[in-house]
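Q: I should like to learn how to read the ligand sites and chain interfaces of an assembly. Where should one begin?

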Amino acid sequence: MLNEMIQTIPQVLIDGLTLGAVYAVIALGYTMVYGILELINFAHGEIFMTGAFIGTAILIVLTGIGWVSAVPAIVMLITVLLLTAILTGLIGMGIERVAYRPLRKAPRLIPLITAIGISFLLQDIVRFIAELKKGNFIVTGPSLFTNQLSIKASSISSIFNDASIKTSFVIVLVTAVIMMIGLDFFVNRTKWGMAMRAVAQDRETASLMSINVNKVISITFFIGSALGGATGVLFAVQYGTIDPYIGFILGLKAFTAAVLGGIGNIRGAMLGGLLLGVMEMFASANLTLLTGGIFGAEYKDVFAFAILIIVLLFKPEGLLGKPQLEKV
Amino acid sequence: MKTLWNKYKQNKMAHGIFLLIYICVSSLSLFMAQRSVTAFLLLLSSLLLLYFTNFKNLTKWLIAGIVLAFLLPFTASQGDAYQSYMEVATLVGIYIAMALGLNIVVGMAGLLDLGFVAFFAVGAYTYGIFATAQASNFMPFGTFPLSGESFWIFIIFGCLVAALFGILLGIPVLRVKGDYLAIVTLGFGEIIRIIFNNLDRPINITNGAMGIPSVTPPRLFGIDFLFPSQFYYIVLVILLFTIFTVRRFEHSKIGRSWKAVRENEIAAQAMGVPLVRTKLMAFAIGASFSGMMGVVFAAKQAFVDPTSFTLLESITILVMVLLGGMGSVPGVILGAAVMTILNLQVLTEITNWLNQLSMSGAISIPDALSPAKMQRLIFGLLLILFALYRPQGLLPAKNRIYDEKVLQEGSGQTVLGIATEQSQNEKLNVKEV
Amino acid sequence: GCGPKSESGSLGEKNDSTVIKIATQTPLSGGSATIGEAIKLGAQLGLDEQKAKFKELGFELQLVPYDDQADPKKGVANAQLIGSDKAILAVVGHFNSGVAIPSSEVYEKYAIPMVSPANSATDVTDRRLKTVNRIVARDDFQGPAGAEYAINKLNAKKIFVVQDKTAYGSGLAEAFKKAAEEKGAEILGFEGITVGEKDFNGVLNQILSKKPDLVFFGGIYSEAGLLIKQAREKGIDIPFMGGDALDASTLVEIAGDAVKNTYITSLAGDSTKSEEGKKFIEKYKAAFNKNTESYSIYGYDTMGLVLKGIEDAIKANDNKLPTREQVRDAVRGTQDYQGVMTKVSFDDKGDNEFAKVFIFSFKEAAYPAEFVGEVGQ
Amino acid sequence: MLQLRNVETYYGGIQALKGIDVLVDKGEIVTLIGSNGAGKSTTLKSVSGLVKIQNGSIVYNETEVSNKPAHETTLLGIAHVPEGRRIFPKLSVKENLLMGAFSVKNKSVIDQRMEKVFRYFPKLKDRLEQKGGTMSGGEQQMLAIGRALMMEPNLLMLDEPSMGLAPIIVEQIFEIIKELNQEGITILLVEQNAFQALQIAHRGYVIQTGEIKLQGKGNELLNNEEVREAYLA
Amino acid sequence: MSILEVQNLTKKFGGLTANQDVSMTVEKNSITAVIGPNGAGKTTFFNMITGVYQPTSGSILLQNQKINGLKPHEVSRKGISRTFQNIRLFNEMSVLENVLVGMHTHLKAGLMGILFNLPAIRKEERASEIKAYQLLDYVGLAPLLNEKACNLSYGAQRRLEIARALAADPKVLLLDEPAAGMNPKETNNLTQLITRMREEFNLTIILIEHDMKLVMEISEHLVVLDHGEKIAEGRPEDIRNNPKVIEAYLGTGAVQAG
Ligand SMILES: Nc1ncnc2c1ncn2[C@@H]1O[C@H](COP(=O)(O)OP(=O)(O)OP(=O)(O)O)[C@@H](O)[C@H]1O
Ligand SMILES: Nc1ncnc2c1ncn2[C@@H]1O[C@H](COP(=O)(O)OP(=O)(O)OP(=O)(O)O)[C@@H](O)[C@H]1O
Ligand SMILES: CC(C)C[C@H](N)C(=O)O
Ligand SMILES: [Mg+2]
Ligand SMILES: [Mg+2]
């Protein structure tokens with residue numbers, strides 16, 4: 001039994017990391033917005049979904065005019081990523097403007113209502129457009145990367161099986177890491193990043209430092225949503241098929257990941273995402289083995305949530321979160 | 001104009017007359033126009049009007065009781081739409097009770113709970129399993145399904161089991177704070193749902209995803225409860241009990257300690273409020289209402305399956321609380337009623353109407369925009385508008401107003417710290433605003 | 001709508017014909033809206049075609065589509081609305097068995113006949129409600145039919161079963177598993193996935209290491225498409241098999257080339273085969289500017305059957321508006337109704353005696369798949 | 001330099017300022033004193049733009065600044081050290097100081113200003129990497145003033161800089177205020193510690209429930225019977 | 001007779017020692033002041049006594065009973081009540097309700113009693129409302145009883161904290177910088193209130209304060225902390241002239257002012 005588990009580990013790890021990378025980058029968006037506004041932006045999952053659709057639409061259009069075959073896939077990907085990021089970034093900014101800004105002084109949980117409202121709106125609007133254009137809201141985009149690489153894990157040790165990966169996996173992972181490092185640098189090393197952190201801690205005082213708080217919050221939403229949208233593109237590239245309802249579950253998982261890593265913490269979001277992905281993949285591949293068939297793959301979320309709860313019990317602020325000791 | 005309005009505001013008589021006329025007109029119109037949702041809603045909103053009158057509490061309760069127990073069912077009963085109104089009214093009652101339960105947890109104790117529907121599920125399954133043959137899969141003794149008479153005991157049972165689960169969930173709560181709590185409860189809710197969805201193996205307890213069909217209907221004095229118009233009364237009774245209980249708690253030592261914990265944990269502890277116990281109590285009591293309604297729901301649907309207990313459901317209940325006004329009992333009642341009626345009746349009717357228009361060719365809509373699919377969109381829009389225009393909730397929470405005169409009087413007869421036996425406390429007249 | 005009494009029907013009714021409404025209840029929004037929509041449109045086409053005929057009888061036909069959102073609670077609440085609209089004489093629906101079961105408890109109370117174009121779960125008719133009928137095969141017929149084909153024709157000895165943990169998916173998977181075991185195959189695994197998720201590599205890794213001859217999937221096309229696609233990417237090139245819910249063009253769209261070597265047991269035959277089928281497809285396309293789904297034609301046939309029942313009831317009632325009970329009994333009494341796709345005779349439970357299971361194979365990435373066999377009762 | 005005319009400010013329905021007139025000339029130290037809730041902080045907030053005024057006008061260096069948002073008034077050279085210090089707790093001391101010079105692009109200017117801050121508060125130089133939130137109350141107050149100085153303001157508004165500080169620190173703070181003023185910074189000071197505030201102020205205003213009750217030279221007010229009775233007793 | 005005894009109390013936060021071996025004895029019915037520079041560990045000291053922080057080592061005895069290790073609400077039950085340096089009221093609750101929460105430990109109402117609205121519970125509730133009102137009257141907040149706590153002015157909030165603490169009927173009352181943010185006049189009033197309270201409620205009071213005038217005026221005993229350690233202890237006159245205290249804390253000006 002153990003043998004079987006170990007054999008599949010390289011593959012499980014790779015699959016888990018792919019999924020985890022997607023969780024992680026979505027989690028970054030949650031964490032950023034949360035870090036500044038203490039607002040769980042429940043519409044973030046839908047922004048991710050919108051990004052996936054925008055990206056796919058751009059790809060389809062570009063394919064239509066024969067661009068895709070003319071340029072290398074990677075150039076193509078970067079173009080689509082950037083375009084989508086800008087568009088979803090703008091959408092995010094707009095959402096903040098309409099649905100969150102008027103509620104800054106309202107009780108803390110009220111923006112939750114508008115967030116849910118926005119989610120429903122985005123889902124249906126995207127669905128309308130997709131159905132109008134394609135007659136079906138489940139959309140499969142052109143695939144950019146189809147190569148399979150094989151990792152000879154068995155050459156490391158014979159207890160491992162070989163693993164295969166899509167080239168897109170490498171691209172997803174690399175992009176995700178670049179995004180995280182970029183974001184980390186931006187927030188911790190640049191003046192605007194510092195302004196964001198200042199706004200997060202004390203908006204009023206930040207405005208006394210000549211910081212235009214509204215602008216900073218807009219920028220935060222822009223970046224968070226741009227990341228979300230870009231992740232949507234990565235997702236579409238990796239999994240091929242999207243529908244207007246992908247945002248809900250993925251958003252939920254990503255939010256969980258953000259909390260697991262310590263919400264508000266950028267590296268935490270990354271760690272939480274990757275961990276959650278690997279955990280889930282491990283559970284669905286091995287739970288049956290581990291429990292002798294009593295609990296199967298369908299319990300993978302129970303497994304993941306149980307671990308989350310256990311982690312929070314021992315480290316209530318998440319893995320990388322700093323304990324928020326209230327000075328009494 | 002303004003003075004007239006002010007006069008009106010102070011005059012009980014005027015209130016009474018206006019209300020009476022209103023109720024008469026709306027019930028008459030419901031009586032006459034049986035398919036009219038508008039009339040039905042108008043009659044329901046007489047309760048809202050009633051809430052704004054300055055009658056004594058007892059009077060208000062009496063009038064509300066008459067409207068709900070007699071007038072509404074009677075006037076609606078004359079036509080075909082009767083059962084569908086009662087179905088909506090029953091579901092409204094169920095959601096109100098749940099929202100009131102969640103309001104204790106979120107609104108009063110300030111604990112963000114995103115897995116609240118789990119308790120509802122627990123209640124529903126408790127009855128569903130024993131009121132069908134399902135229980136014989138794992139219970140070697142006893143004959144199942146239990147008879148419909150057992151339903152009444154199961155209401156209490158569901159209440160207790162849900163409270164127990166509330167405490168179970170509460171235990172992690174002791175350490176986790178704020179939005180972390182949200183995710184822990186969310187996880188808990190999902191865990192419960194997934195477990196119910198999979199407990200057909202190794203022993204078939206919940207029948208898994210297939211759900212449990214043909215749940216025995218409740219039975220009283222040889223009468224089976226089959227129709228919404230019958231369940232309506234069960235729900236009404238439980239709901240009254242719930243409101244009554246919540247009101248009691250709200251203005252008691254326990255209710256105050258919930259709010260104190262919400263406002264400032266550290267100060268609350270320093271004032272002798274035990275954090276753990278207080279929070280657990282909020283979870284348990286909040287859960288118990290859901291548990292009871294879960295039992296009713298299982299009996300009403302005659303079918304229990306895990307898809308009724310998704311995260312979206314928890315979020316919906318939370319939105320009811322937020323929309324109505326966190327911590328405000330009347331607000332939450334209104335919020336739950338508005339959300340449920342919107343979702344189940346108004347939106348369906350609107351889209352049906354639009355649909356007829358488009359089918360009869362009055363307006364032409366591309367298929368992708370078919371009105372039948374627009375419910376969620378409209379719902380989303382409404383949510384945003386509500387939140388933007390009533391950010392404090394429809395009826396924001398208010399503190400109890402104490403009458404200074406009475407307190408002063410009372411003080412005259414007591415020495416600081418020691419209340420004398422004969423202090424005429426009964427006179428203490430507490431008003432709600 | 002908010003109009004006056006229902007008997008007088010809806011807006012702007014000038015002539016004296018009585019309105020008869022037929023409701024559909026299917027998911028029009030949410031993840032499985034494609035087929036829900038297809039059923040509705042099929043039914044709509046069926047109804048539109050017969051409007052003239054009923055006009056002559058002095059009745060005006062109207063379709064009232066309800067969106068059950070694949071949610072039992074919504075289904076039940078809609079059912080109450082349907083029940084209280086006296087003009088509604090029958091229901092075409094549902095798509096999900098999980099919604100059909102509780103909703104039909106309500107129909108039964110109002111004696112509104114329901115005919116399902118899609119629900120295959122055994123509990124739908126096993127509760128022996130007078131109002132509940134279906135024209136498709138049951139899962140305990142479909143599952144074994146698949147098992148039979150997998151073992152005898154595809155030579156599968158070791159089978160891995162995946163299901164989506166919904167009422168439909170697990171019911172079908174259980175039925176398949178049971179039959180396959182009886183027929184001597186070894187079940188290597190019985191795993192669940194989550195509806196709405198997009199990454200099934202975890203379960204696929206199990207399949208990879210267990211090396212079965214065939215994978216059976218109990219679930220819906222959207223997950224199936226991804227499952228198959230991801231399996232092929234992992235190099236799992238054994239046959240996949242699934243049930244009626246895979247019979248949708250979207251499956252091919254999602255899986256692309258990967259769909260090759262996939263077998264489905266369908267409740268709907270190949271409509272392109274017959275002349276009438278082809279005609280239907282054309283009409284449908286002309287009316288809605290959309291391609292048919294397999295269930296479109298079932299929506300159409302169901303509507304035809306329902307209207308036939310109503311017509312019979314009208315005739316039996318001296319050309320007057322029949323009661324719901326009369327319609328209910330007339331529908332249940334259907335014998336040898338010949339639809340475009342299927343023939344229907346209801347037994348005492350409301351199951352169709354002529355229901356068949358058809359087996360299709362995807363030889364290439366095109367929908368519909370190639371017909372390879374059928375199994376009757 | 002700064003002139004408030006008939007300023008009225010509301011919090012929701014509550015009127016906190018009922019039409020006050022205050023004048024601060026260049027190079028002065030002007031102090032506002034008054035009991036709790038009199039509206040002292042609100043006056044400062046009205047000037048810096050943290051709250052909106054309903055009525056009246058605020059003119060700074062001939063520019064109308066009424067209802068300009070805070071991030072714009074600060075650019076004009078008005079620095080506001082808010083009540084309760086309001087350090088960014090999770091930013092380091094250095095970052096807190098840098099926030100003060102947020103609008104400055106030139107790096108060498110920033111360095112120069114920082115050196116100047118260290119001249120007043122050498123203690124900060126040793127703690128550059130410490131998180132603001134972990135500093136003691138006195139240190140935080142220094143940091144808050146230092147942060148405001150990074151803006152190189154013409155007008156420095158201080159809201160109760162001595163609150164909660166040890167007597168020895170209070171003394172230091174008042175010394176520093178005097179020093180800053182001598183360097184040419186105009187100062188508007190709100191204090192509960194009326195005794196010390198009036199001692200260093202050129203002029204003072206007594207504010208009560210949103211209205212100016214008295215005004216005059218610092219030492220005049222110090223010796224005014226009414227003032228002694230109400231605030232110094 | 002001593003009511004509270006603290007022995008070798010030490011508190012470490014990671015590397016930082018906030019209190020180091022602090023010992024002291026508090027006489028029943030006395031007013032003791034704890035003073036010291038910012039960050040000396042005064043508030044931390046209060047936090048340990050009230051159970052908010054657990055001491056790293058050392059012990060706290062209330063009437064010869066060990067109370068360290070108890071949770072804050074248990075300490076409160078034992079008869080220690082406090083106010084907070086940074087005001088911690090129940091902001092959204094009314095002024096009267098704030099005081100009612102203070103009485104929490106003394107109310108007997110249980111789940112069933114509340115549910116069935118038993119007469120005894122009703123009576124208790126009414127009596128407690130009256131008592132709360134009297135306490136508000138005592139600190140001069142009676143007319144504001146229905147205001148939300150957060151709408152009160154700063155000084156009023158401090159007084160409300162005191163009323164709330166008194167409602168618990170404590171034996172020992174801890175006040176953390178009660179005069180902060182008050183002008184001299186208000187401080188004077190507070191001084192009188194504190195003295196009166198001690199008499200009328202038979203209290204032992206420990207207070208932290210930076211206002212030397214107040215401290216010197218009302219306290220019988222002073223404890224000076226610096227860097228977490230006790231550097232001096234004694235009567236006000238002695239402390240005022242203690243060079244160590246002057247250097248670390250008082251400075252030269254304050255001595256004159258007081
Ligand atoms: N955010 C607010 N919301 C509502 N009312 C407020 C707010 N801030 C201040 N107030 C009210 O405005 C009035 C003036 O307050 P302000 O803070 O200006 O007083 P202050 O003179 O600075 O008092 P203190 O000495 O306590 O700081 C007070 O009555 C106060 O209660
Ligand atoms: N929860 C905590 N975590 C880490 N350090 C803390 C904590 N609480 C207090 N400290 C540190 O302990 C030291 C003593 O703090 P304390 O609040 O007791 O000082 P204080 O004497 O009350 O000062 P002040 O007069 O400014 O209120 C300070 O250096 C403070 O930063
Ligand atoms: C089309 C299918 C997914 C429907 C399924 N046969 C059911 O009964 O739910
Ligand atoms: Mg102030
Ligand atoms: Mg302190």
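A: One begins with the word "near": a residue is near a molecule if one of its heavy atoms lies within 4 Å of it. The model shown is a predicted one. Residues from chains D and E surround ligand 1, so the site is shared between chains.

Q: Which residues come nearest to ligand 1?

A: D:Gly37, D:Ser41, D:Thr42, D:Glu83 and D:Gln192 come nearest, out of 15 residues around the ligand. Helix α1 of chain D, residues 40-48, supplies the largest share of this shell, with 3 residues. By residue class, the shell around ligand 1 holds 4 nonpolar, 8 polar and 3 charged residues.

Q: Which atoms does ligand 1 place at short range from polar atoms of D:Lys40, D:Thr42 and D:Gln192?

A: For a polar contact one looks for a pair of N or O atoms within 3.5 Å. In the case of D:Lys40, a polar backbone atom is 2.8 Å from an oxygen atom of ligand 1. The side chain of D:Thr42 has an N or O atom 2.3 Å from an oxygen atom of the ligand, and for the side chain of D:Gln192 the corresponding distance to a ligand oxygen is 2.6 Å. As to cover, ligand 1 has 630 Å² of accessible area on its own, and the protein covers 74% of it.

Q: Which residues surround ligand 3?

A: The shell of ligand 3 consists of C:Phe95, C:Asn96, C:Ser97, C:Ala118, C:Asn119, C:Ser120, C:Ala121, C:Tyr168, C:Asp244, C:Ala245 and C:Tyr295. These residues divide into 6 nonpolar, 4 polar and 1 charged.

Q: Which polar atoms of the protein lie opposite the nitrogen and oxygen atoms of ligand 3?

A: Here backbone and side-chain atoms should be read separately. A nitrogen atom of ligand 3 lies 2.8 Å from a backbone N or O atom of C:Ala118. A nitrogen atom of the ligand is also 3.0 Å from an N or O atom in the side chain of C:Asp244. In the side chain of C:Asn119, an N or O atom is 3.5 Å from an oxygen atom of the ligand. The protein buries 99% of the 290 Å² that ligand 3 exposes when taken alone.

Q: Let us turn to the interfaces. Which chains share the most contacts?

A: Chains B and E do, among 7 pairs of chains in contact. On the side of chain E, 47 residues take part, and they meet 45 residues of chain B.

Q: How is the size of such an interface expressed?

A: The accessible area lost when the parts come together is often quoted as the size of an interface. Chains E and B bury about 4400 Å² between them, with 63% of this on carbon and sulfur atoms.

Q: How many salt bridges does the rule find between chain E and chain B?

A: The rule finds 1 salt bridge across this interface. E:Glu125 forms a salt bridge with B:Arg256, and their closest N and O atoms are 2.6 Å apart. The interface of chain E and chain B also has 10 residue pairs in polar contact. On chain E, the elements that give two or more residues to the side touching chain B are α2 (72-78), β6 (80-82), α3 (95-102), α4 (111-115), α5 (119-139) and α6. Of these, α5(E) gives the most, with 11 residues. This side of chain E comprises 23 nonpolar, 11 polar and 13 charged residues.

Q: What does the interface between chain E and chain D contain?

A: It brings 27 residues of chain E into contact with 22 residues of chain D. The area buried between the two chains is about 1700 Å², and carbon and sulfur atoms give 53% of it. The count of salt bridges here is 0, while 7 residue pairs are in polar contact. On chain E, α6 (154-167), α7 (184-201), α8 (212-218), α10 (243-250) and α11 (253-257) each give two or more residues to the side that touches chain D. Helix α10(E) gives the most, with 5 residues. The side of chain E that touches chain D divides into 11 nonpolar, 11 polar and 5 charged residues.

Q: How far apart are the nearest C-alpha atoms of chain B and chain D, which do not touch?

A: They are 14 Å apart. Chains C and D are likewise joined by no contact, and their closest C-alpha atoms lie 38 Å apart.

Technical notes: Residues are numbered from 1 along each chain as its sequence is written. Chains are lettered from A and ligands numbered from 1 in the order in which they are written. This is a predicted model: local features need pLDDT of at least 70, side-chain atom pairs count only at pLDDT 80 or more; totals for chains, interfaces and linings use all residues. Side-chain values use heavy atoms; hydrogens and water are left out. Contact means heavy atoms within 4.5 Å. Buried area is the accessible area (1.4 Å probe) that two parts lose on being put together, summed over both. A salt bridge is a side-chain nitrogen of Lys or Arg within 4 Å of a carboxyl oxygen of Asp or Glu. A polar contact is a pair of N or O atoms within 3.5 Å; within protein, one must be able to donate a hydrogen and the other to accept it, and residues adjacent in sequence count only if both atoms are side-chain atoms. Helices (H or I, at least four residues) and strands (E, at least two) are DSSP runs, numbered from the N terminus. Ala, Val, Leu, Ile, Met, Phe, Trp, Tyr, Cys and Pro count as nonpolar, Asp, Glu, Lys and Arg as charged, and the others, Gly among them, as polar. Accessible areas come from the Shrake-Rupley method with a 1.4 Å probe; for residues, only the protein chains shown count as cover.
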